[in-house]
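Please walk through this structure from its surface to its nonpolar cores.

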Amino acid sequence: MVTAIDDGTELARRFVAGDERALADIYGRWSSLVYSLAMRSLGDVSDAEDATQRVFVKAWQSRERYDASRASISAWLVGITRNVIADAHETRARERSITEQLTAITSPGESAAPDAELADRLVVADEMARLEPIPRQVVELGFFDDLTHTQIADRLGMPVGTVKSHIRRSLSRLRDRMEVSHGAARP
């Protein structure tokens, strides 16, 4: 007779050995737990789905580091989930900060130092011009047309996760460029 523990141990062994069917079984058993944790923390269906996918991709990629003597598969997955959720919150905070910076630089009617404002606008315009056409269009729709990720995805016919990835990478490039620009201007 096979017990649930034996079944879990065998499943873990197959998973670590690279058996894709074991991954599917693990996903079937614990994806709802991972999704629930992500949804509770992130509060957004799309973000929770993205986090769930990331958890199982990370689990698969790091399966050889799983040690059944230290934790059950479910506890190990919860640990990965906590890290993925923390990363998502960090990304949100960075995106908010960059959005605030972009809004401050691109908002009309500002009376801050005209030379610095002009320089920042030129840096942003130059970096926007360097983006590939699709990422540029996604960023423009998000920041200049003030569309949500879902609205951009609907308008461009692409998954919300792809829209978020384009925005995240583009904002990261803009942030790096702004940091370089502001770092060079400081004595």
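About 11400 Å² of the chain is exposed, with 53% of that area supplied by carbon and sulfur atoms; accessible areas come from the Shrake-Rupley method with a 1.4 Å probe, and for residues only the protein chains shown count as cover. This is a predicted model, in which local features need pLDDT of at least 70 and side-chain atom pairs count only at pLDDT 80 or more, while totals for chains, interfaces and linings use all residues. Residues are numbered from 1 along each chain as its sequence is written, and side-chain values use heavy atoms, leaving out hydrogens and water.

Of the 187 residues in the chain, 32% are buried, that is, under 20% relative accessible area with a 1.4 Å probe, protein chains only. The chain has 8 helices and 0 strands; these are DSSP runs numbered from the N terminus, with H or I over at least four residues for helices and E over at least two for strands. Contact means heavy atoms within 4.5 Å. Among contacts between residues at least 6 apart in sequence, 54% join residues at least 24 apart.

The largest nonpolar core (buried Ala, Val, Leu, Ile, Met, Phe, Trp, Tyr and Cys residues joined through side-chain atoms within 4.5 Å) holds 23 residues, and Phe15, Ile26, Val55, Phe56, Ile73, Trp76 and Leu77 have the most contacts inside it. Helix 1 (4-16), helix 2 (20-42), helix 3 (45-61) and helix 4 (73-106) each supply at least two of its residues. Helix 2 gives the most, 7 residues. Apart from this core lies another, of 16 residues, among them Val139, Ala153, Val163 and Leu171.

Definitions and conventions
Buried < 20%, exposed > 50% of the residue type's maximum accessible area, 1.4 Å probe, protein only.
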